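Dear colleague,

I am handing over a structure that I would like you to look through at your own pace. Please open the sequence and the coordinates side by side, and then read the notes underneath.

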There are 2 protein chains.
Amino acid sequence: MSGWLAVAGLGPGADALVTPEVTAALAEATDVIGYIPYVARVAPRPGLELHPSDNRVEIDRSRHALELAAAGRRVVVVSSGDPGVFAMAAAVFEAVEAGPAGWRDLDIRVLPGITAMLAAAARAGAPLGHDFCAINLSDNLKPWELIEKRLRLAVEADFAMAFYNPRSKARPEGFGKVLDLLKERCADTRPVLFARAVSTPEETLRVVPLPEAQPGMADMRTMVIVGSSQTRVIARDSVPFVYTPRSVVT
Amino acid sequence: MSGWLAVAGLGPGADALVTPEVTAALAEATDVIGYIPYVARVAPRPGLELHPSDNRVEIDRSRHALELAAAGRRVVVVSSGDPGVFAMAAAVFEAVEAGPAGWRDLDIRVLPGITAMLAAAARAGAPLGHDFCAINLSDNLKPWELIEKRLRLAVEADFAMAFYNPRSKARPEGFGKVLDLLKERCADTRPVLFARAVSTPEETLRVVPLPEAQPGMADMRTMVIVGSSQTRVIARDSVPFVYTPRSVVT
């Protein structure tokens, strides 16, 4: 019996954005582990055990997955988006490092997926077409001061910026501070993209100039992308195209 | 006759990493346009015209695609990886903005793909599991000084760093300067991942501590990922796992 563990990205929501590699791993799995809404995206079938769990138990979930794989099961840990970007893969390797030495030699594979910022950027045009950064705005796992420091340096570097987890019920204030910091430092023409629930039936897309951006435009299902100083907006009848040119004019 | 233009990401190389959305667009296309090696990844069939073109003609290629779509053809522009990350999508929107007003109301969609940094990160573990930046190290389209400025600020922000286009025959020197700059500013324990031709039969993977990183370890098919100060290496019998923890310990 030779078990394995795949940490798989289900993409932002639509089945058409799940890679064949992930689909194949799910078809071979004996166990699927993950946060309730992500496990709900996997079709039940005979021989497959589903293990949905609550949010914020990432390390427990990872240990459980590793124990099952060590016992010979074929285990898929599911994440939305890409498992390596603010998702389950880091938690699994934290558990590997802290766990029994034998876990290091398990067959562990990370299967990439379409992460939220790529799906959101694609819907709007190409706002990440030049150098950019990705910042998780949740201060659950890092000090708020570090987020502000990174924002200031990202503005100075003139990166386009992709913000994950901009705002939640438990953290209603932070995103307003982020917008205030950007409004102080960036030109009024800079576009902000709010892309909610991309590729699902609830998808909404909104592009506003920075001064009009408001905290209430984002929630936990929203990806926020702020252009660099070079980012362009192409007006048209529907939501404008937003793109960052490949060249920098200096 | 209603034409459309899809700018599609073929992922890093393996068919198992092409999304069903992209596969469906290719199945409906009348024309496929792109750089020679990417068009070569599309199977010929009756009713499909392939238009391979040379490197560095991105704007000509984009105009051609837009003209065909405006004439009612169903056109797919193919990129490797994700079209929105240092690839064809920005060039298409540059052509839209500079072109006839009617092009703005064409049916233009960007279909995301697995970009090289996500594929490379997945192979190594989860080096991009915390805040990170993506920088194109080619100075073909921006001044070298801007690359160095962004590197200094990225180190100060303590981002993990994903480097696209680290080195080519035409630009043999820059990557050495990048490594020198990082060696001056970062601890000797910081891991550097060289991931070449990920998901293809030529794939190679190498993880070295920063002082051992050499310019010759990268070429145009290599994705380079440098960890943040928090990135961990888990030694084991094969290539070590590399991951950046979700939490920052301060």
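Below I set out what was found, going from the whole assembly down to single side chains.

Please keep in mind throughout that this is a predicted model.

I begin with how the two chains are arranged. Chain A can be laid on chain B with an RMSD of 0.0 Å, and the movement that does this is a turn of 180° with a shift of 0.0 Å along the axis. The two copies are thus related as by a two-fold rotation axis. If you would like to find that axis on your screen, look for A:Cys133, whose C-alpha is the one in chain A nearest the axis, at 2.0 Å from it.

The interface between the copies comes next. In contact across it are 70 residues of chain A and 70 residues of chain B, and the two chains bury about 6100 Å² between them, with 61% of that area on carbon and sulfur atoms. The copies meet through the same surface, because 100% of the interface residues of chain A are also interface residues in chain B.

There are also charged and polar links across this interface. The count between chain A and chain B is 10 salt bridges, and one you can look up is the salt bridge of B:Asp131 with A:Lys142, where the closest N and O atoms are 2.5 Å apart. In addition, 30 residue pairs are found in polar contact between the two chains. On the side of chain A that touches chain B, helix 4 of chain A (residues 88–98) gives the most, with 7 residues. Turning to chain B, its helix 4 (residues 88–98) is mostly covered, since 9 of its 11 residues are buried, among them B:Met88, B:Val92, B:Phe93 and B:Glu94.

Within a single chain there is a further division to notice. Chain A is split into domain 1 (4–114) and domain 2 (117–243), and the C-alpha centres of these two domains of chain A lie 28 Å apart. Where they meet, 8 residues of domain 1 of chain A are in contact with 10 residues of domain 2 of chain A, and together the two domains bury about 670 Å², 69% of it on carbon and sulfur atoms. On the domain 1 side of chain A, the residues that lose the most area to domain 2 are A:Pro12, A:Arg56 and A:Phe86, which together account for 61% of what that side buries. Between these domains of chain A the count is 0 salt bridges, while 2 residue pairs are in polar contact.

Finally, I suggest a closer look at a small group of residues in chain B. B:Thr222 is placed in strand 11 (residues 222–226) of chain B, and B:Thr222 counts as buried because its relative accessibility is 3%, below the 20% limit for that word. B:Arg196, which lies in strand 9 (residues 191–196) of chain B, is instead partly exposed, with a relative accessible area of 25%. B:Thr222 touches B:Arg196, and B:Asp219 has a link to each of them: a side-chain polar contact of 2.8 Å joins B:Asp219 to B:Thr222, and another of 2.8 Å joins B:Asp219 to B:Arg196.

With best wishes

Definitions and conventions: Residues numbered from 1 in each chain as written. Chains lettered and ligands numbered in written order. Predicted model: local features only at pLDDT ≥ 70, side-chain atom pairs only at ≥ 80, totals over all residues. Heavy atoms only, no water. Least-squares fit on C-alpha atoms with pLDDT ≥ 70 in both. Contact = heavy atoms within 4.5 Å. Buried < 20%, exposed > 50% of the residue type's maximum accessible area, 1.4 Å probe, protein only. Helix = DSSP H or I, 4+ residues; strand = E, 2+ residues; numbered from the N terminus. Domains from an automatic or database assignment. Buried area = accessible area lost by both parts, 1.4 Å probe. Salt bridge = Lys/Arg side-chain N within 4 Å of Asp/Glu carboxyl O. Polar contact = N/O pair within 3.5 Å; in protein donor to acceptor, adjacent residues only side chain to side chain. Lists of a residue's contacts leave out its neighbours within four places in sequence.
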